[in-house]
Amino acid sequence: DLWLLEFTRSDSKLVGFVQDMITPLASVLYNANVGRDIVELVRRSGFTIVEVEEVVDGIVRIIRATPS
């Protein structure tokens, strides 16, 4: 199994918008992209999503996946 604890793009339109606005600054300052859809990236990387747990309002998620 693959376990990830990730900052992800929130499903909330307002929070997602704010994340989109700060992503360029966070990228320059911290080399971080706070607006990525990590769950979709994991799927496209050849894994099957087993479980996703939202920890902090959908901004932090625990993702469990297995190789496809």
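**A tour from the loop to the sheet**

Start with Asn 31, which sits in the loop between helix H1 (13-30) and helix H2 (38-44). Keep in mind that this is a predicted model. Colour the chain by pLDDT before going on. The mean over the protein chain is 92, and 100% of its residues reach 70 or more.

**Stop 1: the loop residue**

Stay on Asn 31 and check its backbone. What is the phi of Asn 31? The value is near 55 degrees, positive in a residue other than glycine. The position is just after H1. Now show the surface. Is Asn 31 buried or exposed? Asn 31 has 70% relative accessibility, so it counts as exposed, the cut-off being over 50%.

**Stop 2: helix H1**

Step back and select residues 13-30, the helix H1. Pick its end C-alpha atoms; they are 24 Å apart. At 1.5 Å a residue, the 18 residues should span 26 Å, which agrees.

Next, look along the helix axis. Where is the kink in H1? Go to Ile 22: a kink of about 45 degrees lies there, shortly before the proline Pro 24.

Then show side chains on Gly 16, Gln 19, Thr 23 and Ala 26. These four residues of H1 are buried. Look at the confidence colours again: among the elements of the chain, H1 has the lowest mean pLDDT, 91. The highest belongs to E3, at 96. Go there next.

**Stop 3: strand E3 and its two partners**

Select E3, residues 60-67. Add strand E1, residues 2-7. How many bridges join E1 to E3? There are 6, and the two strands run antiparallel. For a landmark, find Leu 4, which stands opposite Ile 63 in E3.

Now add strand E2, residues 47-56. E2 and E3 also pair in the antiparallel sense, over 8 bridges. Centre on Ile 63 once more. From E2, Val 52 has Ile 63 as its bridge partner, while from E1, Leu 4 stands opposite that residue. Move along E2 to Phe 47, and look across to Pro 67 in E3, which stands opposite.

**Last stop: the hairpin turn**

Follow E2 into E3. The hairpin has 3 residues between the strands. Which residue takes a positive phi here? Select Asp 57: its phi is near 50 degrees. To finish, return to Asn 31 in the loop between H1 and H2, where phi is positive as well, near 55 degrees.

Notes
Residues are numbered from 1 along each chain as its sequence is written. This is a predicted model: local features need pLDDT of at least 70, side-chain atom pairs count only at pLDDT 80 or more; totals for chains, interfaces and linings use all residues. Side-chain values use heavy atoms; hydrogens and water are left out. Two strands pair if DSSP finds at least two bridges between them. Buried means under 20% relative accessible area, exposed over 50%, partly exposed in between (1.4 Å probe, protein chains only). The expected span of a helix is 1.5 Å times one less than its number of residues. The bend at a residue is the angle between axes fitted to the seven residues ending there and the seven starting there. pLDDT is the predictor's confidence in each residue, from 0 to 100.
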